[in-house]
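Thank you all for coming; I would like to use these few minutes to walk through a structure, starting from one spot and working outwards. Please keep the view in front of you as I talk.

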Amino acid sequence: MSNKWRIDFTNLSDQARRYESRGQIYIVDAPPPPGYAASVPAITSSSKGNLKNKKDVQPIEKDQETLKIKKAWDAALSPGKNIPMNAFMLWMSGNGVQIFSVMITGMLFFQPIKALMGIDSVFERYESPKTRQLLIWPKLVYVALQLLTMALGLYKCSSMGLLPTATSDWLAFMEPKQVIEYSI
Amino acid sequence: MRRLLAPRIFAFVILTLTLFVELVSSLYANQAGVIDWHHQYIGTPKVSFFHKFVSRGAYVLIASDRNVLASINVRSGNIDWRQVFDENENILAFKGYENTAISVSQRDNDYIVRSWESHSGFMLWENRIKNVRIDKNSNPIIENDAPGVDVIFAANNLGILILLEGSTVINLNVTDGSQMWRSDLTDSSTIFYKLVEFKEKAYGVGLKKSFSSYTIEVITYDITNGISKLQSLNSKVGNIKDMIVLGGSIQDGFIIWNEGGFIRVNRLGTLVIEQSSLEELYENVIPSFANANGKLALLDLNLGSRTEFLVEVPTKEGNTAAVFKVDSESGRLVALYDLEEKSENSLYSATFDKNSRLIISRSRVVAEDVAKVDIIAPGTGLVLGNYEIPYSLNSYGDLKKTVLDVDSKATGYRMLVTSADGSIHFWKDHDMVWKSEESLAHTIEAEFLDLPERKLWTQEVDELAEQPEESETISPLARYIRRVKTHIEQLKDFPAYLTAYVQRFIIGDHEAELRFTDKSKFSLHRDTFGFRKLLIFVTRTKLVALDTINKGQIIWSRYFGNDVFEFNKIFIVRSSTVKYPPLVVAIGIQRDSKGKIVTRLFRLNALTGENFIPTENEKYFPSELSLPIITKRILKLPVEEPDERTHIIALIDEELKFHIYPNHENAVKAFIQFAPSFYFTLSDDIGEKSLKGYKVVKNNVQPFDITEVWILNFPEGESIAAIGRRPQNEKIASLGRVLGDRSVLYKYLNPHLVAIATLSTSKTPATLNIYLIDIVKGSILHHATHENVGYLHPIRIAQIENSIVYHFWSENYNEKGYVAVVYELYESEIKDQRFESPVFSSFAHERPYVSAQAYMFPYGINAIGVTITKHGIATREFLFALDTDQVFGVSKRFLDPRRPQRVLTNEDKEEMLIPYDPAIPDNKKWVLSYHLPVAGIRQIITSPALLESTTLVLAYGLDLWFTREAPSKTFDVLSEDFSKGTLLATIFGLILGILITKPMVRRKKVNARWY
């Protein structure tokens, strides 16, 4: 008695055990439920010792790594997206030394520092023995972008006159000249 | 400065503070007199009398040697009214009549007669009398300071007869001052002294020089038309003091003089001379005169028309006196009363009571702190009272003058007393009712003295003073135990401290702890903010120390009149330290027994006024010293002697010898080390025509020789009009000035720079020259000339840091008015450029760049002062003593040569510059002294408080006025109206809220877990 809605998993034909994924044909013990798209190949196929199947597994893993790297790049570039917004905020807050401009400038320093401290946790989930080497580059970009944000803060400080770059800033540390003669 | 990192953050902190603190920009009415105090003075009385008119009660009218007329309320001692004359207008005579008082003053060659309404001080009229013969050389016999000036009222004729310069008599209408007649005497050999008027005639009594003595001359005027007749009396008078003139008005006038062995009496208008033999007087009439051993003196009691007078005779046991009277019927001398008591310094004054009974007072100081007054009615021979009054001889010196007044029944007395130091005291019966420290009207110099910190517990002081080597000998445990003991001891003061703290917190008044009511609690120590200091004044013969708080109460005063003729300098030679008291040295001159001038030095403990005698170095460290030299200049050297850590004082005498004080071995050693790099100037006084620089020669023997290093002769006709030196206690916060683009102009800070203004008056209007001179090498670093300067207005110049401000009157046709000019000196005109060197030497040949700007100034001034703050960060303020008797503060931001004469650029705004305006605004909010009339300011001195924002300011001259000024507002203190209560209430409210809600929230959380 055959039923359209019933599958007998004990006596499956080869045809029924065929499973196609990403243009590859796999023979599995049981076909996945209809509509299921497997990202991880079934273990049974490898247990069968099928060479062809083994060859099939590697591209899948590579895929995962590329994906991870891609995601890592996304994460690395995300601080960059904030830069225009920060720049706009800085521009809006003006060059006066006021509570808001100082707070915003302060944030520009504290956020990158916080982010740099937590850089490992940001990239942790993209990490695997294979990707470890490759993650250096997104990390460097991430650091660079955070530094850029800080540079923005520095620029803000300098335009507010908070950076000791001019001679006047060192005036207070200057020793008065020692007077050689005395007079009354 | 502004661009610095630290000030920026500082500014930010300030800004956040301003959210909570309301800054006060000017004074509110209820703040007047809270931090400032004003002492009004009049000077030492030349003429003083009780003036009574109808129902207005009695008051004392005074004309003083500081050219002030004043009316003083006898009950309170307050000045009812005061008229301050110009410094060069001397008051010669002052007399009251009914509701007017007439003053005669002299200005240049003119005499000015003014009539004043005596109870209000309003002037009724003024008459300037010109062309009076002034013949100063022919007045050898006059010793009083009003040469031949007398004023009398001719009651029946509504006239005032005034004798001027011993030669001119004028009759002025009492109601409007118009001249009725005038008579000038041409004979210059006669000088008239007194006027008497009676029976429609006026008599002038004078002395005419004959061979060895003087002859009495009498001139008689017809009072209605001034027709005169001169008569000579057959007489020989040795001295003006041997003659007195009495009577007049309602009775006849008499001349009494001492000639040979007789007292002679002449009734004015006749040539009859009555005489009484002195011999008889001495032996029979007055018993106490029996042992007379000197010349008798006739004392006028100034009783108006009365004819009583006093004869004083020196005896071996002291002076004695007797009261005499000229009997107006017979014209003979009558002895009234023998005052008997013999003492050196008795002063007499007299008045009469309601029944025309003569009352005489005899006053003298009988002990260090007691004065005695006897009240006698000579007519009846009754002694009405003996009174003892507390009086400090050490503070005021002897009595100099007394003016007596009695009430209608003569049951008591009151008396105005002038003491040798110039102060006024008012005595009533056994009490001193009030006194006025008028010696301060003659202040020569004043200094601020920092007070020591509140004495720490002595053990701690000892611990602090311990040398490190000494500490090492004690075991650490012992030291620790000692420290803990000290702290436990100090814990005893904790409850008192706590209550004081709470009290202060509630009142919000930091001075509360210093306002003492109980004298025993009072000790001299610094307050938290350093607002409390001592002001040490040196007057002609006195030192006075005032407290800057407590309304300028006198802490100590000491009279030196017996040791010093006149003081010229005072120096603080040692400031307060933990262990040693602060010391001052006062220097004055005195004539020794041979009449030679000697210089006297006194070294005093500045907290008590007592001579300071060190415990160890007494022998070679005398606290009083007399040097047989006349000093040209006295300097406080910036070097200390090692024994007592006092600054060495240098005295340069007329023979150009250089003496140092103290002069013990170690001091000399310290000085010799310092001498090679020491330069000083002489002849740097107002009016000098050249300036000379000197240096001490290395000869290692005292007194040192000095050698002239340079001389600077000002061009022909120029003489020094004003000198501006940098204050020695100034503090400089920054070496440069920060511009808008954050670059720096480096300040030219030459400690040897002296700004000198000279006036050339050879042609009018005069020319003003400003020289900036380096006094080490005598070179002129900058020279400026102002043409058309009015020389009658004073020129004043002040220097602080790298800026110089001077003020003069410009006669230029397009800018006639007062001008203030400001200089700022920089090392270079170019930004960020300086003379690179770790040392400053005058010989380095560095010339400053001078930027200058001039402004029209709204007022004439008498002095310039500058605020000095602890670190010099707060904006400076120039304080001008205006000729309107006010103190006017102008911020340095307005007197700034960098004020741009264009539309402000961003950089200018960044530098916070104010656009140039040719006039300094006459902003009434800048008047620090608000409505107070601070008369006769000669000098304004300042001293920093412990708060950076605040300066202590003292203006002195005639009046004293003290205040605290915060030129950049009080940014470092919470304002008084900061509501601490609200703050506290908020905090407590929040705590309470937390306490209430905490269990509620917890319960709710627990409940939330259940469901």
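Within strand β44 of chain B, the residue B:Tyr661 is the bridge partner of B:Ile649, and since this is a predicted model, please take everything I say about such pairings as computed from the predicted coordinates. The two strands involved here, β43(B) and β44(B), the latter covering residues 657-661, run antiparallel and are joined by four bridges. Between them lie three residues, which makes the pair a hairpin, and in its turn B:Leu656 has a positive phi of about 60°. As general background, most residues other than glycine have a negative phi, and most peptide bonds are trans.

That background also applies to what follows B:Tyr661, where the peptide bond to B:Pro662 is cis, with omega at about -5°. B:Pro662 itself sits in the loop that leads from β44 to α8 of chain B.

Now let us turn to the other neighbour of β43(B). Strand β42 of chain B, residues 631-640, is joined to β43(B) by six bridges, and this pair is antiparallel; here B:Leu651 in β43(B) is the bridge partner of B:Ile634. This hairpin has six residues between its strands, and B:Arg645 takes a positive phi near 55°. Is β43(B) largely enclosed or not enclosed by the rest of the structure? Five of the seven residues in β43(B), which spans 647-653, are buried, so the strand is largely enclosed by the rest of the structure.

On its other side, β44(B) meets strand β47 of chain B, residues 704-713, through two bridges in an antiparallel arrangement, and B:Lys657 has B:Asp705 of β47(B) as its bridge partner.

Which sheet do these strands belong to? They are part of an open sheet of seven strands with mixed pairing, and its order is β4(A)-β45(B)-β46(B)-β47(B)-β44(B)-β43(B)-β42(B). At the edges stand β4 of chain A and β42 of chain B, each of which has a single partner strand, so one side of each is left without a neighbour in the sheet. Helix α8 of chain B, residues 665-674, packs on this sheet and touches β42, β43, β44 and β45 of chain B, with its direction at about 90° to that of β42(B).

The strand from chain A deserves a closer look. β4(A) and strand β45 of chain B, residues 678-682, run parallel and are joined by two bridges, with B:Tyr679 in β45(B) as the bridge partner of A:Ser183. As for the contact between the chains as a whole, 21 residues of chain A touch 31 residues of chain B. On the chain A side, β3 (178-179) and β4 (182-183) each supply at least two of the residues, and by class that side has 13 nonpolar, five polar and three charged residues.

Staying with chain A, I would like to show you a pair of helices. α4, residues 99-117, and α7, residues 136-160, have axes that come within 9 Å and cross at roughly 160°, and the two helices are therefore roughly antiparallel to each other. Their contact includes A:Leu108, A:Phe109 and A:Pro112 of α4(A), together with A:Leu147, A:Met150 and A:Lys156 of α7(A), among others. Sorted by class, this contact has 11 nonpolar, six polar and one charged residues.

Back in chain B, there is a further open sheet, of four strands in the order β34-β35-β36-β37, with antiparallel pairing. Its edges are β34 (445-450) and β37 (554-559), each with a single partner strand, so one side of each has no neighbour in the sheet. The twist from one strand to the next averages 15°. Inside this sheet, five bridges join β35(B), residues 533-538, to β36(B), residues 542-547, and B:Val538 has B:Leu543 as its bridge partner.

Two more residues of chain B have a positive phi. B:Glu801, whose phi is near 50°, lies in the loop between β54 and β55, and it counts as buried because it has 22 C-beta neighbours inside 10 Å. B:Tyr930, with phi near 30°, lies in the loop between α9 and β62, and its 17 C-beta neighbours inside 10 Å make it partly exposed.

Finally, for the whole of chain B, the count is 10 helices and 64 strands, and buried residues make up 39% of its 1011 residues.

Terms used. Residues numbered from 1 in each chain as written. Chains lettered and ligands numbered in written order. Predicted model: local features only at pLDDT ≥ 70, side-chain atom pairs only at ≥ 80, totals over all residues. Buried ≥ 20, exposed ≤ 12 C-beta atoms within 10 Å, placed from the backbone. Axes fitted to C-alpha atoms, helices over the stretch in contact; angles between N-to-C directions. Parallel < 35°, antiparallel > 145°, perpendicular 65-115°, else oblique. Contact = placed C-beta atoms within 7 Å. Nonpolar A, V, L, I, M, F, W, Y, C, P; charged D, E, K, R; others polar. Pairing = 2+ DSSP bridges.
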